[in-house]
Amino acid sequence: MKKLNIVLFGPPGAGKGTQSTFLIERYGLVHLSTGDLLRAEIKAESPLGIQAKELMDQGDLVPDEVVIGMIRNKMEAHLDAKGFIFDGFPRTKAQAEALDGMLNGKGEPIVAMLALEVPEKELVKRLIGRGATSGRADDKDEAVISNRIREYEAKTAPLKDYYGAQGKYKALDGVGTVEDITARLVKAIG
Ligand code: AMP
């Protein structure tokens, strides 16, 4: 059976993590969040985590090789998955190309890139709100939040064209209740 490999796309605060939890349950998928994987490394105080923390605390991206390696390891640990939800990955063209290389080689390509669209003002509001409870250092400081949004615009948003060229890019309104947005995603997955 064809694997349901989906890129859940959008700027920081778009709701990718929240929506992933619904989609993995509904479709029996494996959730691959590079942000979560990196935070686990930080918690474990591994050399990789210590290196990544400095960049993450500033809102900068960590190097492509680091996140690509993490994704490769996780995919190899779940060879029998019905599919993957990629959340917060890929974030650069080099990451997208590496992912295509890994998946296309196995005949299990990305089937869709679902992009949650949220205006910047709303993103900042959500991230500040999350920072009050999440304990995430990068959700507390407005300068860091702005930098994350700038990194997204400069390096990540161009991936809409990358997946668009493959006929896989679908934009969705990311404003509304959590349930509304889940329903839009389910409809888009079809
Ligand atoms: P997230 O939880 O997806 O918002 O990611 C938090 C932080 O982890 C980002 O601001 C980056 O510093 C880092 N990060 C997560 N995923 C990636 C990725 N695919 N490429 C580079 N850096 C990443």
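In the sorting of residues used here, Ala, Val, Leu, Ile, Met, Phe, Trp, Tyr, Cys and Pro count as nonpolar, Asp, Glu, Lys and Arg count as charged, and the others, Gly among them, count as polar. By that sorting, the lining of the largest pocket is made up of 17 nonpolar, 17 polar and twelve charged residues. The structure is a predicted model, and the space that its ligand takes up is this largest pocket. The points below turn to the ligand, then to the two pockets, and finally to two details of the backbone.

**The ligand and its surroundings**

- The ligand is surrounded by 16 residues, of which T34, R39, D60, R91 and Q95 are the closest.
- Sorted by class, the shell around the ligand holds six nonpolar, four polar and six charged residues.
- Helix α2, which runs over residues 34-43, contributes four residues to this shell and thereby gives the most to it.
- At D60 the contact is made by the backbone, where an N or O atom lies 2.6 Å from an oxygen atom of the ligand.
- At Q95, by contrast, a polar atom of the side chain lies 2.9 Å from a nitrogen atom of the ligand, while at R136 a polar side-chain atom lies 3.2 Å from an oxygen atom of the ligand.
- On its own the ligand has 480 Å² of accessible area, and the protein covers 96% of that area.

**The largest pocket**

- The largest pocket contains about 920 Å³ of space, and among the 46 residues that line it, P12, K16, R91, R130 and R136 are the closest to its centre.
- Several elements supply at least two residues each to this lining, including the strands β1 (6-9) and β2 (30-33) and the helices α1 (16-27), α2, α6 (120-134), α7 (142-156) and α9 (178-189).
- R91 is thus one of the residues closest to the ligand, and R91 is also one of the lining residues closest to the centre of the largest pocket.

**The second largest pocket**

- The second largest pocket has a volume of about 170 Å³, and its lining consists of R39, I42, K43, K53, M56, D57, G135, R136, A137 and D138.
- In this lining there are three nonpolar, one polar and six charged residues, and the helices α2 and α3 (47-58) each supply at least two of the lining residues.
- R136, whose side chain has a polar atom 3.2 Å from a ligand oxygen, is also named in the lining of the second largest pocket.

**Two details of the backbone**

- Most residues other than glycine have a negative phi, and most peptide bonds are trans.
- The peptide bond that joins F89 and P90 is cis, with an omega of about 0 degrees, and P90 is placed in the loop between β3 (84-87) and α5 (93-104).
- E45 is not a glycine, yet its phi is positive at about 55 degrees, and E45 is found in the loop between α2 and α3.

Key:
Residues numbered from 1 in each chain as written. Predicted model: local features only at pLDDT ≥ 70, side-chain atom pairs only at ≥ 80, totals over all residues. Heavy atoms only, no water. Near = heavy atom within 4 Å. Polar contact = N/O pair within 3.5 Å; in protein donor to acceptor, adjacent residues only side chain to side chain. Areas by Shrake-Rupley, 256 points an atom, 1.4 Å probe, with all protein chains shown as cover. 1 Å grid on protein atoms, 1.4 Å probe; cavity = no way out; pocket = protein on both sides within 12 Å on 5 of 7 lines; lining within 4 Å. Sits in = over half its atoms within 2 Å of the grid points. Points joined across faces, edges and corners; volume = space filled by probe spheres on them.
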